[in-house]
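Trainee: Please pick one part of this protein and walk me through it slowly, side chain by side chain. After that, show me how the rest can be read in the same way.

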Amino acid sequence: MAYTQLEPINKGVLARLTDCLLCRWSCRSCLLWCWECCFPRSDEEVEILGPFPAQTPSWLVNECVDEKDTDTGVTHVDAMAIPQDSIPTQRRSSSEMSRSTFSLVRQLSSLDARRPSSPLVDVKPIEFWAMGPRKEVIQPLRRPQPPANDYFRKLEPRLYSLDSSGDDVDSLTDEEILLRYQLGMLHFSTQYDLINGHLGVRVIEARDLPPPLTCDGARQDMAHSNPYVKISLLPDHKNSRQTGVKRKTQNPVFEERFTFDLLFLEAQRRTLLLSVVDFDKFSRHCVIGKVALPLSEVDLVKGGHWWKALIPSSQNEVELGELLLSLNYLPSAGRLNVDIIRAKQLLQTDMCQGSDPFVKVQLVTGLKLVKTKKTSCMKGTIDPFYNESFSFRVPHEDLSEVSLVFTVYGHNMKSSNDFVGRIVIGQFSTGPPETSHWRHLLASQRTPVEQWHSLRSRAECDRVSPASLEVT
C-alpha cells in the first residue's frame, strides 16, 4: 500500500479540515497521522470545567479498555506492515498516541469521580420590591390603647378579693378550704355495683357545721341546726335523694345509703353533688354548704371514702320542688280539664317522717275565687304520684279571664298545713313557663298539653300575680 504524505497548505483551521477530508486513509495509522497533522496536540494542560454527566459514557470507557488491551498487538502489526522510510519523522508512533488517549480518559475518569453528585448553585434571595421606584416599610397594625384611667376603671376589684365566693377552689386543699370558709366537713363514700348496674352513695356524717343563719343574717339559734343532706347527680337534678333531718346538732350522723340506676359509662360522666341543708319549719330551708365530686376522677368499681370540706353554694335556698300538670279545654262542652300527674323533690316539711304532701287547685275568674278542689294526701314521701283529674265548667267567652292556682301543702295533724310551694297558670301567670303552658292550651284545644313547673314561694307569687292574693 502506497502512502502519500500530505503537507498542510497553510496553518489555518479551515485548511487543516480540508486536508483531513481529502485524505484517503485506509488504516488506523493513517487516521492517527492525519489527526495529528491537522490538529497538533498542545503541551498545555487543558482544564475541563463541569458540570459533568453523572457517569462516564460507556463508549468512552469501552474504547479505553479496547485501547489498553490491544495496544501492544496493534503496534507490532503496524510496525511490520509499514516501511520505516515511509513514515514521516514528525509523526508520532501509534503506541504514543494510544498512551496519550488513555491518559486523557484517566484524567476524565478521575475528574468525574471527584466531582459532587450534583452541581452546586449559589442562589441569592430575590427581592421583588427592589425593582420598584422606592421601598416601603410595612408597619404592623396596632389597636388603639384606651387611656390609663379607662383601663383601670374596667377592672372589677371584687374578682381579686380574698373574700370573694366565686374563687376557684379546685387548687385549694381541704384544709385551706376549711380555714377560709369554716363551713365544716362531710364524710361519704361511693361505689358502683357492676352486677346490679347501679351507683351506691353512702352519707355517713358531718362535722363542725356552722350555727344557723336566716337570710337577713340574724341568728336564729345560737346553739344548733337541723341539718340534712340532699344528693343529686349533675348536670341535671333528676332522681335526687335526701337524708332524714337530724335535730339540733352541728355534728350529725346520718348513716344512710342511696342507689341510682344508671349505666357505668353514664355514671362516669356525672358529678356527685352533696348539699348540706338546714331545715326550718317556718321559712325556706337554707343551704349550709356543698361538695361536688366528678365521678370520672375516682375509681367507681373499687369505691372509696372521702372527707371533704364544704364550700359556699351560689344557691342559698333549696328548691321547693316540681309539679307535672296536664291541661285540656273542650270548647263544645265548655269544660276545662286539669290532670295532676306527679311531683318530685318537694320541700320536706316534717322533720321525722319527711312529708305528707297534697295539691290544692283553685279556679279564679278575674279576681274572684270560683271553685276549690284538692288531691289525696301521700304519706311519707317527697316524690308523690297522684294521677288525679279535675274538671271545671268554664264558658268559652270566659276562658281568657281564667287563672288556675296550684298550691302544694304538707299535711300536719297537730297544726295548720305546711306551705310548700305555688304556681299560677292563666290570665295572671307567675312566670314565663306558666304563660307558655297557657298559650299552648289556647292554641291546641281538645289536645292535652303536659308540662313540668317549678314551685315558687308564697311571697313571690303574691308579688307578680293578683290571683294568688285571692286564695288562702
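Mentor: Let's start with Glu460, which is partly exposed in this predicted model. Its relative accessible area is 23%, and it gets that label because buried means under 20% and exposed means over 50%. Now look at what its side chain does: Glu460 forms a salt bridge with Arg456, at 2.9 Å from N to O. Arg456 falls on the other side of the cut-off, because its relative accessibility is 17% and buried means under 20%. In general, side chains of opposite charge can pair when their charged atoms come close.

Arg456 has another partner to look at. The side chains of Glu434 and Arg456 also meet in a salt bridge, here at 3.5 Å, N to O. That pair ties together distant parts of the chain: Glu434 belongs to helix α9 (residues 432–443), while Arg456 is in the loop between β16 (449–454) and α10, 22 residues apart. Glu434 is buried, just as Arg456 is.

Helix α10 itself spans residues 458–464, and Asp462 lies in it. Asp462 is partly exposed, with a relative accessible area of 25%. Leaving out residues up to four places away in sequence, Asp462 touches Arg422, Ser468 and Leu469. With Ser468, the side chain of Asp462 makes a polar contact of 2.6 Å. Arg422 is 40 residues away along the chain, and its C-alpha atom is 9.9 Å from that of Asp462.

Follow the chain back to the strands next. Strand β15 covers residues 418–426, and it pairs with β14 in the antiparallel sense over 8 bridges. One place to check this is Val408, whose bridge partner in β15 is Gly421. On β14 you can also find strand β11 (residues 357–365), joined to it by 9 bridges, again antiparallel. There, Phe358 has Tyr409 as its bridge partner in β14.

So what is β14 like? This strand runs over residues 402–410 and is mostly covered, with 9 of its 9 residues buried. In a regular strand, side chains alternate between the two faces of the sheet. You can trace that here: Val402, Leu404, Phe406, Val408 and Gly410 point one way, Ser403, Val405, Thr407 and Tyr409 point the other way, and all are buried.

Now try the same reading on a separate sheet. It is an open one, with 4 strands in the order β4-β3-β6-β7 and antiparallel pairing. At the edges are β4 (241–242) and β7 (286–294), each of which pairs on one side only. Strand β6 (residues 271–278) is joined to β7 by 8 bridges, and Val276 stands opposite Gly289 in β7.

Back to charges to finish. Searching the whole structure turns up 6 salt bridges. Among the salt bridges is the one between Glu322 and Lys344, at 3.9 Å from N to O. Those two also come from distant parts of the chain: Glu322 sits in strand β9 (residues 322–330) and Lys344 in strand β10 (residues 335–344), 22 residues apart. Glu322 is partly exposed at 23%, whereas Lys344 is buried at 16%. Elsewhere, Glu266, Arg269 and Arg270 are linked in a network of salt bridges.

How values were computed:
Residues are numbered from 1 along each chain as its sequence is written. This is a predicted model: local features need pLDDT of at least 70, side-chain atom pairs count only at pLDDT 80 or more; totals for chains, interfaces and linings use all residues. Side-chain values use heavy atoms; hydrogens and water are left out. Two strands pair if DSSP finds at least two bridges between them. Buried means under 20% relative accessible area, exposed over 50%, partly exposed in between (1.4 Å probe, protein chains only). Contact means heavy atoms within 4.5 Å. A polar contact is a pair of N or O atoms within 3.5 Å; within protein, one must be able to donate a hydrogen and the other to accept it, and residues adjacent in sequence count only if both atoms are side-chain atoms. A salt bridge is a side-chain nitrogen of Lys or Arg within 4 Å of a carboxyl oxygen of Asp or Glu.
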